[in-house]
Amino acid sequence: MRLIRAKDYQDMSRKAANIISAQVILKPESVLGLATGSTPIGIYHQLIDWYKKGDVDFSRVVSINLDEYCGLSDSNPQSYSRFMREHFFDYINISPANIFLPDGTQTDSALECARYDRVIVEHGGIDLQLLGIGRNAHIGFNEPDVCFSRGTHQVTLTESTIAANTRFFESVEQVPRQAYSVGMQAIMQAKKILLIASGADKAEALQKSFFGPVTPQVPASILQLHQDVTVIADMDALALCPAE
Ligand code: GLP
């Protein structure tokens with residue numbers, strides 16, 4: 001694991017955006033595994049800026065997002081599909097045909113999970129997987145569990161994740177209890193992983209994930225077994241990690 005210490009949120013965002021734009025410049029047809037949450041917003045805004053300046057071209061990029069809430073259609077303001085359009089896709093030249101997210105309205109979960117796994121395989125897997133991290137160390141929506149997940153699956157969100165994500169909804173009751181999430185297999189088979197973390201509320205998750213035992217109770221700890229992981233975190237998120 002390569003740990004890059006950023007000064008603050010803006011520094012973290014620029015450094016991570018540099019890595020993503022380098023990936024796209026080196027391989028214009030890259031398959032990006034993209035993430036939602038507040039942490040990647042600064043990255044997306046930076047990439048939009050560079051796109052507008054002509055520095056990076058997304059016309060051949062494929063995006064396969066990590067997860068989606070069950071029960072929300074892509075027009076729902078809280079859906080991850082809408083989030084990606086509002087924060088990124090609407091401002092760059094990615095082809096709509098190259099954008100993939102799980103379909104939250106699909107009630108046949110086995111069918112939807114199998115379809116999404118096929119999408120990943122048909123595109124040859126993920127070249128660069130961007131990950132945020134939950135306060136309980138979840139990645140995508142892979143919540144703490146007794147074993148690591150394999151393929152795309154339907155998840156029942158933990159109380160801690162529901163509480164953390166309530167800020168995007170009008171009330172806690174409106175937060176969907178279930179989501180579709182890419183599993184650990186697709187994440188671990190990504191050629192490169194870029195995990196970003198900002199703020200003191202991520203410090204414990206970061207410390208346990210990268211400096212504690214590998215355990216499904218700390219989902220991101222599985223990344224210790226991946227050969228090409230870059231973590232970019234700001235000083236607050238690094239507060240509990242070893243100094244050097
Ligand atoms: C959600 C997403 C995750 C994300 C996490 C942290 O649960 N499913 O992919 O990493 O939130 O979000 P934030 O960056 O807002 O702290």
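The legends below accompany close-up views of a predicted model of a protein chain.

**View 1. The whole protein chain, with seven helices and ten strands.**
The C-alpha trace spans about 45 × 45 × 35 Å along its principal axes, and 53% of the 244 residues of the protein chain count as buried. A compact globule with 244 residues would have a radius of gyration near 18 Å, and the 17 Å found for the protein chain agrees with this. Among contacts between residues at least 6 apart in sequence, 79% join residues at least 24 apart.

**View 2. The open sheet of seven strands and the helix α1 that packs on it.**
The strands follow the order β1-β10-β9-β6-β2-β3-β5, with parallel pairing. Strands β1 (2-6) and β5 stand at the edges, where each has a single partner strand, so one side of each is left without a neighbour in the sheet. Helix α1 (residues 9-26) packs on the sheet and touches β1, β2, β6, β9 (192-197) and β10 (229-234), while the direction of α1 makes about 165° with that of β9.

**View 3. Strand β9 between its partners β6 and β10.**
On one pairing, β6 and β9 run parallel and are joined by four bridges, among them the one in which L131 has L195 of β9 as its partner. On the other pairing, β9 and β10 are linked in the parallel sense over five bridges, including the bridge between I193 and V229 of β10. Five of the six residues of β9 are buried, so this strand is largely enclosed by the rest of the structure.

**View 4. The pairing of strand β2 with strand β6.**
Strand β2 (residues 31-33) and strand β6 (residues 128-131) run parallel and are joined by two bridges. Within this pairing, G33 of the one strand stands opposite Q129 in β6.

**View 5. The loop residue T36 and its surroundings.**
T36 lies in the loop between β2 and α2 (41-52). With a relative accessibility of 12%, T36 counts as buried, because the cut-off for that term is under 20%. When neighbours within four places in sequence are left aside, the residues in contact with T36 are N65, D67, Y80, F83 and M84.

**View 6. Helix α4, with a buried face and exposed residues on the other side.**
Helix α4 (residues 109-122) has 14 residues and reaches 20 Å from its first C-alpha to its last, close to the 20 Å expected at 1.5 Å a residue. The buried residues of α4 are E112, C113, Y116, V119 and I120. Seen down the axis of α4, these buried residues fall within an arc of 115°, so they line one face of the helix. An α-helix has 3.6 residues a turn, so residues three or four places apart point the same way. On the other side of α4, the exposed residues are A110, L111, V121 and E122. The elements that cover the buried residues of α4 include β3 (62-64), β5 (99-100), β7 (153-156), β8 (178-181) and α6 (184-188). After α4 comes G124, which has a positive phi, near 80°.

**View 7. The buried residue T161 in helix α5.**
T161 is part of helix α5 (residues 159-165) and is buried, with a relative accessible area of 2%. Not counting residues up to four places away in sequence, T161 touches N136, H138, F141 and E143. T161 and H138, although 23 residues apart in sequence, are 8.6 Å apart in space, C-alpha to C-alpha.

Technical notes. Residues numbered from 1 in each chain as written. Predicted model: local features only at pLDDT ≥ 70, side-chain atom pairs only at ≥ 80, totals over all residues. Heavy atoms only, no water. Expected span 1.5 Å × (residues − 1). Buried < 20%, exposed > 50% of the residue type's maximum accessible area, 1.4 Å probe, protein only. Arc of directions from axis to C-beta. Contact = heavy atoms within 4.5 Å. Pairing = 2+ DSSP bridges. Axes fitted to C-alpha atoms, helices over the stretch in contact; angles between N-to-C directions. Rg over C-alpha atoms; globule rule 2.2 N^0.38 Å.
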